[in-house]
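Biologist: Could you take me slowly through the surroundings of the ligand, and tell me how that part fits into the rest of the protein? I am new to this, so please build the picture step by step.

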Amino acid sequence: MQAHLAATDLACRRGERLLFRGVSLDLGPGAACRVAGPNGIGKTSLIRILAGLLRPFAGTVERRGAIALLDERHALDPQLPLGRALAFWARLDGASAREHIRRLGLEKLEDVPVRYLSTGQKKRAALARLIAQDAPIWLLDEPLNGLDRQGLALCETLVAEHCAAGGIALVASHQEMAAPAMTTLALADFAP
Ligand SMILES: Nc1ncnc2c1ncn2[C@@H]1O[C@H](COP(=O)(O)OP(=O)(O)OP(=O)(O)O)[C@@H](O)[C@H]1O
């Protein structure tokens with residue numbers, strides 16, 4: 001089954017405010033798209049609509065393939081050492097936590113409780129969890145926030161590899177991101 005993520009004529013209202021309208025996209029295997037725009041324009045809201053977590057005010061979303069969502073809620077037990085917190089999810093995902101811990105450079109932190117991790121370390125842990133899910137559609141909300149230069153390059157590589165393997169990546173980010181053939185959706189263009 002080929003992954004597919006499409007949206008037609010989406011509008012989003014939050015409270016009394018219409019944030020955007022007329023947003024359409026069509027992403028097939030290998031597609032990468034960056035959602036850009038200033039604070040409060042509606043990037044997170046768009047991602048939540050695409051994930052099926054928020055009902056659009058208008059428009060439709062079609063998804064084919066499992067979705068992995070990365071946002072500021074990393075869903076790792078703050079009381080557990082990182083290795084065990086990631087192993088919990090890896091068991092459910094049928095993945096190897098060790099392999100992904102190594103990929104994200106987290107080996108030395110395996111025994112450290114999640115609550116003690118720095119912002120960037122938590123982001124790396126969330127990326128380890130993301131790749132372990134093996135989902136074809138990635139929805140990434142500000143994945144680069146908190147990452148150092150090496151982490152940033154690694155995140156770009158992970159997105160490039162995911163898309164090269166036929167995955168789809170939709171990334172909300174203030175920062176430019178280098179990924180092959182990444183298109184940009186400037187959400188400000190769709191403000192009412
Ligand atoms: N539940 C809600 N009720 C009312 N307004 C909301 C709600 N959730 C978010 N908003 C508002 O919707 C707007 C868009 O929020 P959103 O988080 O989607 O923006 P964003 O582009 O991701 O912002 P940032 O770049 O700062 O993360 C903001 O003005 C926010 O205050």
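Modeller: Let us begin with the whole chain, keeping in mind that this is a predicted model. A compact globule of 192 residues would have a radius of gyration near 16 Å, and because the protein has 17 Å, its value agrees with that expectation. Along the principal axes, the C-alpha atoms fill a box of roughly 50 × 35 × 30 Å, and 45% of the 192 residues count as buried.

The protein has 5 helices and 8 strands, which follow one another along the sequence in the pattern β-β-β-α-β-β-α-α-α-β-α-β-β. An unreviewed UniProt entry lists residues 5-190 as "domain: ABC transporter". Over those residues the chain is 32% helix and 28% strand, with the end C-alpha atoms 19 Å apart.

Now to the ligand itself, which 13 residues surround, the closest being Arg14, Gly40, Lys43, Thr44 and Ser45. Sorted by class, this shell holds 3 nonpolar, 7 polar and 3 charged residues. Two elements, strand E2 (17-27) and helix H1 (43-51), each supply at least two residues of the shell, and H1 gives the largest share of it, with 3 residues.

Three contacts to oxygen atoms of the ligand can be followed one residue after another. At isoleucine 41, a polar backbone atom is 3.2 Å from an oxygen atom of the ligand, while at glycine 42 a backbone N or O atom lies 2.9 Å from an oxygen atom of the ligand. At lysine 43 the contact comes from the side chain, where an N or O atom is 2.6 Å from an oxygen atom of the ligand. As for how much of the ligand is covered, it exposes 640 Å² when taken alone, and the protein buries 59% of that area.

Helix H1 deserves a second look, since it brings us back from the ligand to the rest of the protein. Its buried residues are Lys43, Ser45, Leu46, Ile47, Ile49 and Leu50. Two of these names are already familiar, for Lys43 and Ser45 are also among the residues closest to the ligand. After H1 comes glycine 52, whose phi is positive, near 85 degrees.

To gather the picture, the ligand meets backbone atoms at isoleucine 41 and glycine 42, then the side chain of lysine 43, and H1 provides the largest share of the shell around the ligand.

Key: Residues are numbered from 1 along each chain as its sequence is written. This is a predicted model: local features need pLDDT of at least 70, side-chain atom pairs count only at pLDDT 80 or more; totals for chains, interfaces and linings use all residues. Side-chain values use heavy atoms; hydrogens and water are left out. UniProt positions are given in the numbering used here, feature names are shortened, and annotations may be inferred rather than shown by experiment. Helices (H or I, at least four residues) and strands (E, at least two) are DSSP runs, numbered from the N terminus. A residue is near a molecule or strand if one of its heavy atoms lies within 4 Å of it. A polar contact is a pair of N or O atoms within 3.5 Å; within protein, one must be able to donate a hydrogen and the other to accept it, and residues adjacent in sequence count only if both atoms are side-chain atoms. Accessible areas come from the Shrake-Rupley method with a 1.4 Å probe; for residues, only the protein chains shown count as cover. Ala, Val, Leu, Ile, Met, Phe, Trp, Tyr, Cys and Pro count as nonpolar, Asp, Glu, Lys and Arg as charged, and the others, Gly among them, as polar. The radius of gyration is taken over C-alpha atoms; the globule rule is 2.2 Å times the number of residues to the power 0.38. Buried means under 20% relative accessible area, exposed over 50%, partly exposed in between (1.4 Å probe, protein chains only).
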